[in-house]
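Work through the exercises below with the sequence and the model open. Each task is followed by a solution in steps.

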Amino acid sequence: NHPLMKLKKNLLVNTIWGVLITIGYIVIMIMTPIWPVLVALGINTAFNILIIVQAIQLYHSIKTSISSTDSVLSILKKHYQEISAWCTMQNKLAIWVYPFAAAGGYVYGGVLSSAKSFEELFSSPVFLWALPVLLITLIPISLYAAKYMTRKVFGVHLETLKATIENLEA
């Protein structure tokens, strides 16, 4: 299979997972009255919707069949640049979103596991000190995982597409 076909397929799978995860966020938002969790999930949902909309637009813009009047090289370059830019943008936006995801998950998990209210939980010094430690620890790990998964799903095929472009230019 051509790397462009694989990239398009992976983009579709990525979009489907994004939709399913976003639906899960919305279900949790409907079920919880905890305002910090609602804020965190609201931010994550907005991020996911932005990425999903851009992924759908990108998916529909990828031409897998090229007419004889089109330049194969220019089309491949265009798709390479668009998909690379989308991956980069996704990783950059994640820097701003992961702190909210980690904090919201921490608060939600704390409330559920302790059976205490948010206010009771935040009156505990241990809970308050653990939050920044959690953020300092989980955010870099999450960013690394996101970059790794993006590279695993798209990177190999982008490199193959780039090599194809370089061969056409030679």
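**Exercise 1: a residue in helix 3**

Asn91 has a relative accessibility of 15% and therefore counts as buried, where buried means under 20% relative accessible area, exposed over 50%, and partly exposed in between (1.4 Å probe, protein chains only). The model is a predicted one, in which local features need pLDDT of at least 70, side-chain atom pairs count only at pLDDT 80 or more, and totals for chains, interfaces and linings use all residues. Residues are numbered from 1 along each chain as its sequence is written, and side-chain values use heavy atoms, with hydrogens and water left out.

Task: place Asn91 in its helix and list its contacts beyond four places in sequence.

Step 1. Asn91 belongs to helix 3, residues 72-114; helices (H or I, at least four residues) are DSSP runs, numbered from the N terminus.
Step 2. With neighbours within four places in sequence set aside, Asn91 touches Leu143, Ala146, Lys147 and Thr150. Contact means heavy atoms within 4.5 Å.

**Exercise 2: the nonpolar cores**

Task: describe the largest nonpolar core and find which helix gives the largest share of it.

Step 1. A nonpolar core is a set of buried Ala, Val, Leu, Ile, Met, Phe, Trp, Tyr and Cys residues joined through side-chain atoms within 4.5 Å.
Step 2. The largest such core holds 17 residues, and Leu11, Ile83, Trp86 and Phe154 have the most contacts inside it.
Step 3. At least two residues of this core come from each of helix 1 (3-31), helix 2 (35-61), helix 3 and helix 5 (125-169). Helix 3 provides the largest share, five residues.
Step 4. A second, separate core has ten residues, among them Leu41, Tyr106, Phe118 and Leu131.
Step 5. For Phe154, the contacts beyond four places in sequence are Leu7, Asn10, Leu11, Asn14, Trp86 and Cys87.

**Exercise 3: helix 1**

Task: compare the span of helix 1 with the expected value and state what its buried residues pack against.

Step 1. The expected span is 1.5 Å times one less than the number of residues.
Step 2. Helix 1 has 29 residues and runs 42 Å from first C-alpha to last, close to the expected 42 Å.
Step 3. The buried residues of helix 1 include Leu4, Leu7, Leu11 and Thr15. Helix 2, helix 3 and helix 5 are what the buried residues of helix 1 pack against.

**Exercise 4: two distances**

Task: give the C-alpha separation of Lys162 and Gln81, then that of Ile75 and Lys147.

Step 1. Lys162 is in helix 5 and, with a relative accessible area of 40%, is partly exposed. Its C-alpha atom is 9.7 Å from that of Gln81, 81 residues apart along the chain.
Step 2. Ile75 is in helix 3 and is buried, at 8% relative accessibility. The C-alpha atoms of Ile75 and Lys147, 72 residues apart along the chain, are separated by 26 Å.
Step 3. Beyond four places in sequence, Ile75 is in contact with Lys63, Ile66 and Asp70.

**Exercise 5: an unusual phi**

Task: locate Ala115 and say whether it is buried or exposed.

Step 1. Ala115 sits in the loop between helix 3 and helix 4 (118-122).
Step 2. Its relative accessibility is 73%, so Ala115 counts as exposed.
Step 3. Ala115 is not a glycine, yet has a positive phi of about 60°. Most residues other than glycine have a negative phi.
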